[in-house]
Every structure is written in structure tokens, then in C-alpha cells.
Amino acid sequence: MLQKILVLLWVMCGFIGTANAGQLSANVNPQRVAYGESVRFELSYDGDDAGTVQPDLSVLNKDFSIYSTSSSMQSSYVNGVGQQKRVWTLLLMPKYEGKLQIPAITAGAYKTAPLEVEVLPAGSKAPTPTAQNNAPQGQNTAVNNMATTNTGSQNSEQGNDGNFWAELTVNNKNPFVHQEITATLVIYDQKGIDLQMPAFENTQDWLIEMVGNPEITEKNGQRIIKINYSLVPQKSGALTVPSVRVEGTYLDTSSTPVTNSFGGLMKMFDFNFDFQNVLGTQKPIMLRTSPININVKPIPEDYGAHWWLPAEALVMNAKWSDAKPVFKVGEAVTREITVLASGVAAEDLPELNFADNSAWKQYPEKPQLNSVMHNGRRIAQAVTRIVYIPQKNGEQEVPEVKLRWYNVRTNHIETAIIPAEKMYVAGDNQALPTAENESKNTTQTQVPADYDNAVNKAIDEIMHKVRFVAGIVLAFLAGLVISFLFLRRRSHTEKEQTASDCVKQIEHALKSCDYRLLRDNLLKWGEQVYVSENITNLNDLSNLIGNEKFNEQMLKLSGILYAGKQETLDDKVITDCLKHGYKKTKKHREKPLPDLYK
């Protein structure tokens, strides 16, 4: 009897031991992937302490990146005995090519056996085995499905179906240093990837910029995304166009086949509801393009110590801010020089050099750099504004502007030139009167400010000859004066309104600090008020008005316009003198009617 009791206790202890024993297992799927793809690693633990067991997953970080981790718990009771099962599911992205080992995972007192994953070179296509044949299907130049996960036994493989891949091409593998080349990234997508912006993985030796916006087309249910880039090598020698990394997520419904049944059932009842978007799983992808080896040529030895500028084509042109600029000693005139070049980045366009010249002061501003699209090509643009201030009167030459560049199409050095221009510069208007020389300056002949260069030159030539034809010229001028006075009297009412408009413009110019507009309207006002006087500058106007305070304001205005001084004008002094503080000389027109009758 005692012996039977001992045997029964031994059997019960065995059952209890079996119930408490745990089991840890692992599998990976697929076991063979292209570099950049993810694999599904599943760790399973069976035991009544599954709720407290935690595996050590840190050993995976050496050769893999863990993209996601999830776990689930199952509990059951059989014949009054409780059983628990816990499953951890991870998406792993291999960090290297070759045969990588998933090391043994420890959970409590248990350990799994190590597993092996073969990572093929980037651009390879993993084999799709069948029940009869597990041989590889060959190579493909694109990177394929980067996040395929499948269920099944540890020994089965499910290869990629070509739902995603990417490739990078360049238009020139033998450029010069700093010569722009064009790279095109094409992404093929059949699953609706939610993409992040692609990124080049190593840009140390490159200046890289995306050109335009991505182009997206649909063809046979496949989405094709095309992105163009400008790549400029920053040093010569053997270089590698870096790989482009494309990351994103897509909705995987392969592990939830029940969604198809639900979807069909709902369609039978005319419910338009997509169960796949609800029950599917967001999975990551990472595409990598293959690096491209190129040879970058150095600067040719015969180019000299000039700014290196390799381009396919280059043009340079110039224009004056005013259509017909008037050149006077001391007055600034602005010019714009534009450089357009293809095959080079805007950042590599140089600043133009302007040689010193005794006839001109030249003040170039920093060029404004930009890129414009023309016929699908990116054109680098640099716009430089130059302020010219003449220093001598008479016929002067604006110096030519040169820009040396290298034609990469013909392999020849070329020079873009803006030719020199001859301009006629009128006399010095900066010499302002003083108390000692006021009378002398009043009698000096001045060239009208609103005449162009050709007219100014013609007037000077006539003045040189006036001594020989004085009688004829005086008679001619007298006839002109009489006719002019007659016409002015007939249009008196109209001119009064014009002078009033000038005062309004002067008040506006004072408020907006538009000193060039102020000067122009002051002279126009003087022409309307002092009919027969030859008013060509602010000095002439000051002498006619004869107000000391007004004269001080005109001196300040001249300093602002011609000497770059920082002065503050008294608006009230100027406007009061224009309205009722000026002299009424004999030549000043009398009002046709008193104010009472207006």
C-alpha cells in the first residue's frame, strides 16, 4: 500500500513539473532579403510564467535596426491546468550585406538557438521559392520590396514581389570640378507608399539641390515618382555619387485575409467601407539606390589664376535703369549686369571686377543669385547692380566688363564681354553757390537737366560757334522768346494748374523722402512760375526765389542728392516759399483775375 502511494506522488510531481516547464522558440521570415529590406522576427514563450518573462533584445542592435516591436498574450486551461503563451514580433532592418546572425535570445532561464539571415547586395531580388524549386530567380538592378512579412514555418521563404524599387541615374560620369551634373531618382510603387523626402547619405564632397518639384505619374496601376537633382562635385578625382535613401510606410493586409471576406460581405449590402485600411498593418520600407562611381576632372592648367567657371553656355548683358540716362558730373546713374549660365550652380557664379577709372566712380552691389528654369533646364542667374558717378565732363567712356569662363562642350576658354560705351557727361552741377560767387554762378551757362546726351552735346557745339553767328542766333532766339511768351499767355490758366500740381507732388515727395522726385518737381515748378528764366538746377531756383532759408534747404537737398549726406529738410520752409514767399519779378506772370473771382 505504501509503495502505491509513493508511485502516485511521483506521477503527480511529474505532471506538476511538466506544467511549470517553459519553452522558448524563435523564427525569422524571410531568411534571404536584399539590402534595405526588413525581416519579421518572432519570439515565442510557452509557460505559466509568461506574463513576467522579458527577453533581452539588446543583442539585436549590433547588426539590425529594430523598426517596431509588438507582443501578445494567450491564456488557456486544459483539465484544470493553466497554460500561457506570449509572442513578441519585431521588424528588423539589416545594417550590412552578407550573412548575418540573429544571436541567441535569452528570456529567464531559457535561450533560443541562433538564426541566420542572408542579406544580398543592394539592387538584388530575393528568390521566390515554390514547393518544387527554391532556386534564386536571378538579379535585378532595382531595390525591391523592403518590408515583406509573411507567416509560415521557419524553413519556408516568401520572396519579394517587386512592389517597390528605386534607381538613380546621372547624365555625366566625367565632369569637371564644380561642373553641374543632373541626377534623376525614380521610385516605382505599387502599394501606395507614404514617402518621406528622399535623402542622399553622404554629401561631404557634393553640393546637392533638388530641382523643381517631384513628377508623379500612374501607369498600369503603378505609381512612378521622378525627382531631379543638381549635383556639383567640390573636388576632383575619383568620387562616388552617394546612395539615396528612401523611407516610408505602406499598409500591409497580407496577414489579415479576413478583410477580403468582410469587404465582400459589406459590398453585398451596398456598404462602401474599406476594412483593409482598418485592419491592415502599417509597415516600414527603406529603399537604397546603388552608389555611382565617377571621375571628376581638375581645372585645366592653362586656365590661369582666374575664377574657375565651367559651363555649357554663358551670356552676359547690361542695361541702364533709365531708358535714356542723363549723365552729369556728380549725379549717380544705375546699371544692371546679368549673367546667365547653364551647367553651373548659381553659388559658383563670381562677383564681377570693375577696374578703377578716373572718369567714373563705380559702386557694385553684391550680386543677387537665383536659378530659373528654361526648357526643362536649370539656368544659374546673377544680377549685379552698379552705381556710376561721373567725375569729368565731356565725352567719357564707360569701361568694358569681362568674365572668363570655360566651355565644357568645346573644352575651350572663352571670355564674355560687355563692350565699353561712350557717353557724353554734362558739366558739374555739384558746385553750389556761396555768398562770394553767387553772382558769377548766376550767369554761368547750364545744360537743361531733361535733355538727353545727344542734345547736350549739340548745345555745347552751338555755344562754341555762337561768337561767329551771334547776330543770327540772337535774332532767332528773340523770335522764339516772343512766340513763347505769346503762347504762354494763351495757356496761362492751364499752366497755373500745372504749377499747383507740382506743389502737390513736392509735398508728396517731402513726406515720402523721395529726393529725386522732389528735385524734379521743384525745377518744373520754377519753369511754370518764372516763365522766361533759364532754370537748370536748384541754385538757379534759389537765386530767383531770394529766400535765405529756402536757399539753405536747397543746399541740404543738393548734399543729399550728390554727396550722400544725411540731412533733414524743413518741409514747411520749402512749401511756404513755393506758395507765397517767392519774389514777383518783372518776368513773373500776373494773375489774370484776383482770388475773389475764382
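Among contacts in the protein chain between residues at least 6 apart in sequence, 69% join residues at least 24 apart. The model is a predicted one, and its protein chain is assigned 11 helices and 30 strands. Of the 598 residues in the protein chain, 40% are buried, while the accessible surface comes to about 34200 Å², with 51% of that area belonging to carbon and sulfur atoms.

A search of the whole structure for aromatic pairs returns 13 of them. Trp308 and Tyr406 form one such pair, with a centre-to-centre distance of 5.4 Å and an angle of 40° between the planes, an arrangement classed as tilted. This pair links distant parts of the chain, since Trp308 is placed in the loop between β19 (292–296) and β20 (310–311) whereas Tyr406 belongs to strand β28 (residues 401–407), the two being 98 residues apart. Trp308 has a relative accessible area of 7% and therefore counts as buried, and Tyr406, with a relative accessible area of 6%, is likewise buried. Both residues belong to one aromatic cluster, which is formed by Phe176, Tyr303, Trp308 and Tyr406. Charged side chains are also found over rings of this cluster: the charged end of Lys297 sits over the ring of Phe176, 4.1 Å from its centre, and Arg404 lies over the face of Tyr303, at 5.3 Å from the ring centre.

The helices α9 and α6 provide examples of covered and exposed residues, respectively. Helix α9, which spans residues 538–545, is mostly covered, with eight of its eight residues buried. The buried residues of α9 include the polar-named positions Asn539, Asp540, Ser542 and Asn543 as well as Leu538, Leu541, Leu544 and Ile545. Just after α9, Gly546 takes a positive phi of about 70°. In helix α6 (residues 470–490), by contrast, lies Phe476, which counts as exposed because its relative accessibility is 54%. Together with Leu477 and Leu480, Phe476 makes a nonpolar surface patch of about 300 Å².

Several loop residues were examined for their backbone geometry and surroundings. Most residues other than glycine have a negative phi, and most peptide bonds are trans. Against this background, the peptide bond from Asn29 to Pro30 is cis, with omega near -5°, and Pro30 is located in the loop between β1 (23–29) and β2 (32–34). A positive phi of about 70° is found at His178, although this residue is not a glycine; His178 lies in the loop between β10 (164–170) and β11 (181–189) and is partly exposed, having a relative accessible area of 22%. Asn411, also not a glycine, has a positive phi of about 55°. The loop between β28 and β29 holds Asn411, whose relative accessible area of 42% makes it partly exposed.

Pro419 is found in the loop between β29 (412–418) and β30 (421–428), and its relative accessible area of 53% places it among exposed residues. When residues up to four places away in sequence are not counted, Pro419 touches Arg335 and Glu400. Pro419 and Ala318, which are 101 residues apart in sequence, are 9.7 Å apart in space, C-alpha to C-alpha.

Conventions: Residues are numbered from 1 along each chain as its sequence is written. This is a predicted model: local features need pLDDT of at least 70, side-chain atom pairs count only at pLDDT 80 or more; totals for chains, interfaces and linings use all residues. Side-chain values use heavy atoms; hydrogens and water are left out. Buried means under 20% relative accessible area, exposed over 50%, partly exposed in between (1.4 Å probe, protein chains only). Helices (H or I, at least four residues) and strands (E, at least two) are DSSP runs, numbered from the N terminus. Patches are made of residues with over 30% relative accessible area and no salt bridge: like charges are joined within 9 Å, nonpolar side chains (Val, Leu, Ile, Met, Phe, Trp, Tyr) within 5 Å. Accessible areas come from the Shrake-Rupley method with a 1.4 Å probe; for residues, only the protein chains shown count as cover. A salt bridge is a side-chain nitrogen of Lys or Arg within 4 Å of a carboxyl oxygen of Asp or Glu. Rings of Phe, Tyr and Trp (its six-membered ring) pair if their centres lie within 6.5 Å; planes under 30 degrees apart count as stacked, over 60 as edge-to-face and the rest as tilted. A charge sits over a ring if NZ of Lys or CZ of Arg is within 6 Å of the ring centre and within 35 degrees of the ring normal. Contact means heavy atoms within 4.5 Å.
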